[in-house]
Amino acid sequence: MTARPPSPAPSTAARRPRPRPRSGGGREPRPEPRPARPLDPGERHRLLSGGHHDPHSLLGAHPEPGGLAVRVLRPSARAVTVVADGVPDGARVKLCDEGDGLFSGVLPPGTDPGYRLLVAYGEEGEEGEDAPGAEAHDPYRFLPALGELDLHLIGEGRHEELWRALGAHPMTHQGVAGTRFTVWAPNALGVRVTGDFTYWDGTGFPMRSLGSSGVWELFVPGIGDGTLYKFQIMRPDGSHTLRADPMARRTEVPPATASVVTESHHVWRDQEWMAHRGDLPVHESPFSVYEVHLASWRPGLGYRELARQLPSYVKDLGFTHVELMPVTEHPFGGSWGYQVTGFYAPTSRMGTPDDFRHLVDALHRAGIGVIMDWVPAHFPRDDWALARFDGRPLYEPEDPSRADHPDWGTLEFDYGRAEVRNFLVANAVYWCEQFHIDGLRVDAVASMLYLDYSREEGGWTPNEHGGRENLDAVAFLQEMNATVYRRCPGVVTIAEESTAWDGVTRATHHVGPGGFGGLGFGLKWNMGWMHDSLGYAAHEPVHRRFHHHEMTFSMVYAYSENYLLPISHDEVVHGKRSLVSKMPGDWWQRRANHRAYLGFMWAHPGKQLLFMGQEFAQGAEWSEGHGPDWWLLDPSYAAEPDHRGVRLLVRDLNAVYGATPALWQRDCVPEGFSWVAGDAADDNVFAFLRFDAFGAPVLSVSNFSPVVREDYRLGVPGSPACWEEILNTDAARYGGGGVGGGADPLKSEPVASHGQGTSVRLTLPPLATVWLRPV
């Protein structure tokens, strides 16, 4: 027999056997109503099978001649009694059993429609003679808890706060506390909500379809925060599927897959951060990012434990932001969060949504911005999630050649469908508004933009103009960026876009030479710089002269977009080796190359990002199973000073960078940069100037050869002046050899060089980067 729903334990009075009424006195017998008019057999079948679009028309209270007809569906119940004001001779009326869990009766005229139910389970007499069971409100006596404006906006795909309309929401409706469940399933023949409150039997809670919107709704009284639930959907072919809520704001801990009713009780304390985060445009601000995989940064820590450690660590290193690899819920930990099933839920592996809010709050109060990776490019095929959600392609395109993602075995979104586009646009806004996220790094943008991405000839269909561009994806990205920037001042969107698509960071209303408006992102990952510079650094110094262009080519296109320079998780995993292990030479030379590379990167135009573990030259590539090798920083480890020195360099890089506007104020305009020596291939030397908004310069010189270069002359601007060294990656405290100018100012000379009337003579340390500025 199907397990019965839970009910509160009866009171002592309820458990005590009740005295029988005595002849001629005591309580009068309860009225026995006549049963309601029988249901049409077809309607009854559809209701009980879960395929009825309007269960409220059959269940609940409905006026009819001679009284108020009440019909209740409570599977496995033994008896159902109505408690209502206005019933003569007592407030309780026992309904007639119609079979299959249906109970009905016609109550006298004038009965209060705000009735309650007493539902009894078990065998007769099990709970005490004539025990009525637990009192509950009938879900089918309530009006819809979703407004017409919500439905209108959902239908148009313009509901920017979709999370307030769909999903599970604890609320008080018509004076009764409960949870409103709503789900978009336009192809479903019927939808029922089920969960731990029904012992996972959804028969008793069919939902109603709200017109042509495709939205199904049911208000369930008496349940709230922490309740587990799913939707049981009857597909068009009559079969059933059990699905997690696409709009769930909390989930069970994987591998469990149920959605969880939740409401936030977090009190934000980051008002100062939120008030000022948009004071300066991001491309004119210092922006140095530490990329973190939360689950493995300190394995075993939850969001609240991370809040006690991560902000202080990042603040000590001087990074302005953290970028969190996807925190959205995902079934397989090895995907690192990039195959999302819960787009509106932070992963429950490390705590509740409020625990995650607590972490963001703590980072903000430490002065650190929070960027999260966001994955609108695809979703996995798990049969309890989005794939063929209501029996037909819904979130994915109907054409399999468009839906199937060839690289990851996942499904792409149907960006041409208004409701799907709305689902994603609102999701971007949701994270920024509800979790105070400061930036969205959008994953795999190139796979969205091109119809032929990773597809063979003949395996894709051109767009309406015969081109390879996915016009629907372009429109979606433009809408997402425009909406986020309009609603969320100070938030930045960042594209991981690996091609030369024109106008990734151009405004959406500015049409480029290709005929497209810009995509509207704030920043773009400079994948070309990353591949070229890492390729150069991996060569032995004796061969670098033949690859000099790999380090200078980035300046040919440096101002075509607003760039961020990424050394991300993708470059230090799956056989690619860690950053220090990519470098040639012995252990000292690898660390020196590592330090010189970071110095070059921090001075190069564009913002910068560094993945965890690379700040202390971890030798092993990253693994999500154990995270960074923190033991390398243990003072008891003999080589600890080597790793501590690199970490100290990263801290000083960020400190000098943040205090030197020339290194960030004009990142995105050519006036902020000038080559001094961009052609010194035989020397493996790169020298350039950076300028702030007032023209104050900083000179960056990188020597990627393993030899000291004495009296190396470089042209510098201005009249003869003194220059001071503000950073030297070869300093002894970083583990270097201590070669360079040191604390003594360096006087420029009236000797022309590199197109300048004055010049300086430097001692260039081996495998090192030096920064200087005028005194």
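Reader: What makes the largest pocket, with its volume of about 790 Å³, a pocket rather than a cavity?

Author: In this predicted model, the space is called a pocket because it is an open set of points on a 1 Å grid over the protein atoms alone, with protein on both sides within 12 Å along at least five of seven lines. A cavity, by contrast, is a set of points where a 1.4 Å probe fits but cannot get out. The volume of about 790 Å³ is the space filled by probe spheres set on the points, which are joined across faces, edges and corners.

Reader: How do you know which residues line the largest pocket?

Author: A lining residue has an atom within 4 Å of a point. The largest pocket has 37 of them, and Arg 277, Leu 280, Pro 281, Val 282 and Gly 490 are the closest to its centre. Helix H5 (271–276) and helix H12 (471–487) each supply at least two lining residues; helices are DSSP runs of H or I with at least four residues, and strands are E runs of at least two, numbered from the N terminus.

Reader: What makes Gly 490 count as polar in this lining?

Author: Gly belongs with the polar residues because Ala, Val, Leu, Ile, Met, Phe, Trp, Tyr, Cys and Pro count as nonpolar, Asp, Glu, Lys and Arg as charged, and the others as polar. On that basis the pocket lining divides into 16 nonpolar, 15 polar and 6 charged residues.

Reader: And which residues are closest to the centre of the largest cavity?

Author: The largest cavity holds about 110 Å³ of space. Leu 162, Leu 166, Trp 184, Tyr 395 and Phe 423 are the closest to its centre, out of 13 lining residues. These 13 divide into 9 nonpolar, 2 polar and 2 charged.

Reader: Why are strands S2 and S6 called paired?

Author: Two strands pair if DSSP finds at least two bridges between them. Strand S2 (residues 67–73) and strand S6 (residues 102–107) have 6 bridges, in the antiparallel sense, so they meet the rule. Leu 68 stands opposite Leu 107 in S6. The open sheet runs S1-S2-S6-S5, and strand S1 (60–64) and strand S5 (96–99) are its edges, since each pairs on one side only.

Reader: How are the residues numbered, and what filters apply?

Author: Numbering starts from 1 along each chain as its sequence is written. Local features need pLDDT of at least 70 and side-chain atom pairs 80 or more, while totals for chains, interfaces and linings use all residues, and side-chain values use heavy atoms, leaving out hydrogens and water.

Reader: What is the mean pLDDT of the protein?

Author: The mean is 93, and 94% of the residues reach 70 or more, on the predictor's confidence scale for each residue from 0 to 100.
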